[in-house]
Amino acid sequence: MRNLAAAVLLLSSLSAFAQTAPAKPMSERKPDTFLRQYSETRRFMSGRPVKPRFTPDEKTLFFLRAQPTSASQTLFAFDVATGATKELLTPESILKGAEETLSVEEKARRERMRVSTRGFTTYDLSEDGERILVSLSGKLYLVERSSGKSTELKTGPGVIDPRFSPDGKQIAYVRDNDVFRIDLATNKEQRVTQGGSEAKTHGLAEFVAQEEMGRFSGYWWSQDSKFIAYTESDTTAVEKLTIVDVMHPEKGGNDFPYPRPGKPNAVVRLGVIPVTGGKTVWVDWDAKAYPYLATVAWQKGGPLTVLVQNRTQTEEQLLAVEPRTGKTRVLLTEKDAAWINLDQDFPRWLEDGSGFLWYTERNGGPEVEQRNADGSLARSWVKPGAGFRGMSRFVDATRTLYFFGDPNPTESYLWRVKDGGAPEKIATGTPAPAFETPVTISKEGGLLVAISQTDTTMPRYSVLRADGTRVGDLPSIAAEPPFTPNTQYYVVGKEGFHASVTRPRSMKPGVKLPVIVYVYGGPTATVVRRGMAENLLNQWLADQGFLIVKFDGRGTPLRSASWERAVKYDFATITLDDQIAALKALAEKVPELDPSRVGIYGWSFGGYMAALAALKRPDVFKAAVAGAPVVDWLDYDTHYTERYLGLPQEHPEAYEKSSLLTYANDASKPIASLLLIHGTADDNVYFFHTLKLSHALFLAGKPHELLPLSGLTHMVPDPLVTQRQYERVLNYFHKHL
């Protein structure tokens, strides 16, 4: 669930549906044009630019964009001088009528990265900016920037994770479980590593690295382009779980290594090998004490650097590696009694070799430090309390750090810190309050793209100079929503919970309305955020006569370290108590809120919270819809679960207290109306979670409903399924509230 921050961005508007009038059969209702349009336009986001990237000369800005009702993305170029945009390459021009195909490995990798688009989902740019690399259907295509000519590279099938070498003369990638490279001068492929297999992969990140650590790659170029560091991930001892297409059992199933708490993880080691092949030098560290290879960096100005963690993630070491021998030396050690959060942007070595930037929370909150080359502390660049969310870029030429965030966790802005100075907010022209998300900044810092939205505007991609002068906007062709959300923000309760309320646009003051709580409630993500896109679906619901509310309680990020760590060894108490406390406190400020008619809805950890509310507090919540809930934490993955609940052998009480089965099995306790929704092909929170809960409720004599989404994963990108799913959810709340 490390990626649940991304997942919640995707699902944050997937709120519950309700009406106050008596239900009509679906056959008697008029088709809802908003819901269909919302689904077909991928939440009104198709047609907006994504993944912008500047050339080193700051003359061109590349980006990807789909059509308004398509998920297939095309490559475009924006001319900084003229503002003109031209299409460079389309998937159709390459496929020429053939169907795009993906391997099982690539599908799984995209699921981990929360990528629901097709066509060109990413691209790479050579260091000099003269060549562009795109992949499609497991094949590679090289685009010459000057001419626009594209050439298919002569690789074998099934290419994964292709990237240029720093000198731009080679491309490395993974296929057939080994690392390969292709020399661009000769267009000839060479296998770099040998002996990779399905059980012992070379160059691919293992499941928990992708899902929980945010590390999506398993190989790294040396800066001189002569060596590659790569992971060997041995899943021989890891438990295998099988996913079967329930609509086509004759096709058999796909097995995935999935490490559950207290059970074996993949054995991961890091090797260094010449790009021409040969002997691997294995990196030496205390893998028994620090079994997790969390981060690898091989950057200009710094040595090959690795971050390794102990199993419970209460201690980690940053190590400098000597590639010729594999020997390591400790740069620094971090410890935390609860757990340590990862940020894959760090370490970031300074190009002059004098040291590196480092992320820590040891002083009570997110902080960015400068460390000397030996790991000793130089000074702090961004102190706790500044609201640091993430780094955008460090520009070595001007020694300027760009980051995004804000002390108010419901907002986000672009900031910069110049060497020795204090953070200053960059004037992007977006009126506050707003939510500015990670941006693209040119290598020398002369240009940037600010991606921003407000309560009344959808995401906008503004191209700006460093002084804030506007160059232009990357053009969007997206369909625009038919209305603007009517959402207000509050701080409630003695704990100071952030809350939001979306009201009907035709709201009559003083009229009490039933309430739907959209919940996430767990580590890694918040739901109370500024932005029009955040509340479109909520507004559609509210317009049917409901208040849609959100709360961020303890256990969520972006407050203090202690605020987030309040859930250590217990997911089931403070998380739910805070939702209820915030609801009661909000009722004192919003008299229209009817506390006798409250429903709750969430997905993933939010699905767990919704089911928990139905099981533990039916006195507060009358109906719940739980999407893809984690039911028993013994069945989720190691890196996420053990971080918060510890090892099950050492803290069995934490797992017992946090399991939904603990509350479902008690036949004497009542339950709120509960609808369970789950994709049958989910390889993150497996479908058997929901089946286990349904079975326990059945045996305990507790009625509930179950909606399986056949063939769907943890994401639900299919437009028709999305529409039908919400029609069902609408009917459910319509009936029970």
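Contact here means heavy atoms within 4.5 Å. The structure shown is a predicted model.

**Figure 1. The whole protein chain, with its helices and strands.** The chain holds 14 helices and 44 strands. Its radius of gyration is 25 Å, close to the 27 Å that the globule rule gives for 737 residues, so the chain is as compact as a globular protein of that length. Along the principal axes, the C-alpha trace spans about 70 × 60 × 60 Å. Among contacts with a separation of 6 or more, 61% join residues 24 or more positions apart.

**Figure 2. Surface and charge of the protein chain.** The accessible surface comes to about 27600 Å². Carbon and sulfur atoms provide 52% of that area. Of the 737 residues, 60% count as buried. Positive side chains number 88 and negative ones 87. The centres of the two sets lie 2 Å apart.

**Figure 3. Helix α4 and the elements it packs against.** Helix α4 covers residues 104-112. Its buried residues are E106, A108, R109, R110, E111 and R112. These buried residues pack against two strands, β5 (118-119) and β10 (160-164). They also pack against helix α5 (207-213) and strand β18 (253-257). R114 comes just after α4. Its phi is positive, at about 60°.

**Figure 4. Helix α9, residues 605-616.** The helix has twelve residues. At 1.5 Å a residue they should span 16 Å, and the end C-alpha atoms are 16 Å apart, which agrees. Eleven of the twelve residues are buried, so α9 is largely enclosed by the rest of the structure. The buried stretch begins with F605, G606, G607 and Y608. It continues through M609, A610, A611 and L612. A613, A614 and L615 are buried too. An α-helix has 3.6 residues a turn, so residues three or four places apart point the same way.

**Figure 5. K288, an exposed loop residue.** K288 sits in the loop between β20 (281-282) and β21 (292-297). Its relative accessibility is 82%, and exposed means over 50%, so K288 counts as exposed. T69 gives a point of reference elsewhere in the chain. K288 and T69 are 219 residues apart in sequence. In space, their C-alpha atoms are 50 Å apart.

Key
Residues numbered from 1 in each chain as written. Predicted model: local features only at pLDDT ≥ 70, side-chain atom pairs only at ≥ 80, totals over all residues. Heavy atoms only, no water. Helix = DSSP H or I, 4+ residues; strand = E, 2+ residues; numbered from the N terminus. Rg over C-alpha atoms; globule rule 2.2 N^0.38 Å. Buried < 20%, exposed > 50% of the residue type's maximum accessible area, 1.4 Å probe, protein only. Areas by Shrake-Rupley, 256 points an atom, 1.4 Å probe, with all protein chains shown as cover. Lys, Arg positive; Asp, Glu negative; His and termini not counted. Charge placed at Lys NZ, Arg CZ, Asp CG, Glu CD. Expected span 1.5 Å × (residues − 1).
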